[in-house]
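Subject: Structure handover and notes

Dear colleague,

I am passing on the structure we talked about, together with some notes on what came out of going through it. Please keep the structure open while you read, since the notes go element by element.

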Amino acid sequence: MPKNKSHSGAGKRFRVTGSGKILREKAGKRHNLEKKASKVTRRLTGTVEVATADVPRAKKLLGR
């Protein structure tokens with residue numbers, strides 16, 4: 001069985017915790033920040049867990 005190559009872009013976007021959960025950054029906090037309310041930009045900080053439906057695809061891209 002050949003090894004799976006990890007997707008280089010996915011490796012930069014996702015992080016795996018010690019318990020095996022996959023975390024991602026929230027989208028939309030890179031540009032056009034003047035238009036966004038402070039409440040919105042605060043809500044976009046931090047990391048969240050990847051949706052359950054997307055976990056198998058993310059794991060495949062990470063080569064796990």
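Below is what was found, beginning with the chain as a whole and ending with single residues.

Please bear in mind throughout that this is a predicted model.

**Overall layout**

The protein chain holds 3 helices and 3 strands, and read from the N terminus these elements follow one another as α-β-β-α-β-α. The C-alpha trace spans about 50 × 20 × 20 Å along its principal axes. For a compact globule of 64 residues one would put the radius of gyration near 11 Å, whereas the protein chain comes out at 15 Å. Of the 64 residues, 14% count as buried. Looking at contacts with a separation of 6 or more, 53% of them are made by residues 24 or more positions apart.

**The sheet**

The 3 strands make up an open sheet, ordered E1-E2-E3, in which the pairing is antiparallel. Strand E1 (14-16) and strand E3 (47-49) are the edge strands, each of them pairing on one side only. On average, and with direction ignored, neighbouring strands of this sheet are turned by 35° against each other. As general background, the strands of a sheet pair through backbone hydrogen bonds, in either a parallel or an antiparallel manner.

Taking the pairs in turn, E1 and strand E2 (residues 22-25) are joined in the antiparallel sense over 3 bridges, and within this pair Phe 14 stands opposite Arg 24 in E2. E1 and E2 form a hairpin with 5 residues between them, and Gly 20, which sits in the turn, has a positive phi of about 100°. On the other side, E2 and E3 run antiparallel and are joined by 3 bridges; here Glu 25 has Thr 47 in E3 as its bridge partner.

**The nonpolar core and Ile 22**

Which residues make up the largest nonpolar core? There are 5 residues in all, namely Ala 10, Ile 22, Val 50, Ala 58 and Leu 62. Ile 22 deserves a separate look: setting aside residues up to four places away in sequence, Ile 22 touches Phe 14, Arg 15, Val 16, Val 48, Glu 49, Val 50, Val 55, Ala 58, Lys 59 and Leu 62.

One of these contacts can be followed from the other end, since Val 55 lies in helix H3 and, with residues up to four places away again not counted, touches Ile 22 and Val 50. Val 55 and Ile 22 are 33 residues apart in sequence, yet their C-alpha atoms are 7.2 Å apart in space. Val 55 has a relative accessible area of 23% and therefore counts as partly exposed, given that buried means under 20%.

**Helix H2 and the loop before it**

Asn 32 lies in the loop between E2 and helix H2 (38-43). The phi of Asn 32 is near 55°, a positive value in a residue other than glycine; for context, most residues other than glycine have a negative phi. With a relative accessibility of 47%, Asn 32 counts as partly exposed.

Is Thr 41, which has a place in helix H2, buried or exposed? The relative accessible area of Thr 41 is 15%, so this residue is buried. Leaving aside neighbours within four places in sequence, Thr 41 is in contact with Lys 29, Leu 33 and Lys 36.

**The loop before H3 and the salt bridge**

Thr 52 lies in the loop between E3 and helix H3 (55-61) and is exposed, at a relative accessible area of 71%. The C-alpha atoms of Thr 52 and Lys 21 are separated by 10.0 Å, with the two residues 31 residues apart along the chain.

How many salt bridges does the structure hold? There is 1 salt bridge, in which the side chains of Arg 57 and Asp 54 meet at 3.8 Å, N to O. Arg 57 is exposed, with a relative accessible area of 56%, whereas Asp 54 is partly exposed, with 33%.

With best wishes

Methods. Residues numbered from 1 in each chain as written. Predicted model: local features only at pLDDT ≥ 70, side-chain atom pairs only at ≥ 80, totals over all residues. Heavy atoms only, no water. Core = buried A, V, L, I, M, F, W, Y, C linked by side-chain atoms within 4.5 Å. Buried < 20%, exposed > 50% of the residue type's maximum accessible area, 1.4 Å probe, protein only. Contact = heavy atoms within 4.5 Å. Pairing = 2+ DSSP bridges. Helix = DSSP H or I, 4+ residues; strand = E, 2+ residues; numbered from the N terminus. Axes fitted to C-alpha atoms, helices over the stretch in contact; angles between N-to-C directions. Salt bridge = Lys/Arg side-chain N within 4 Å of Asp/Glu carboxyl O. Rg over C-alpha atoms; globule rule 2.2 N^0.38 Å.
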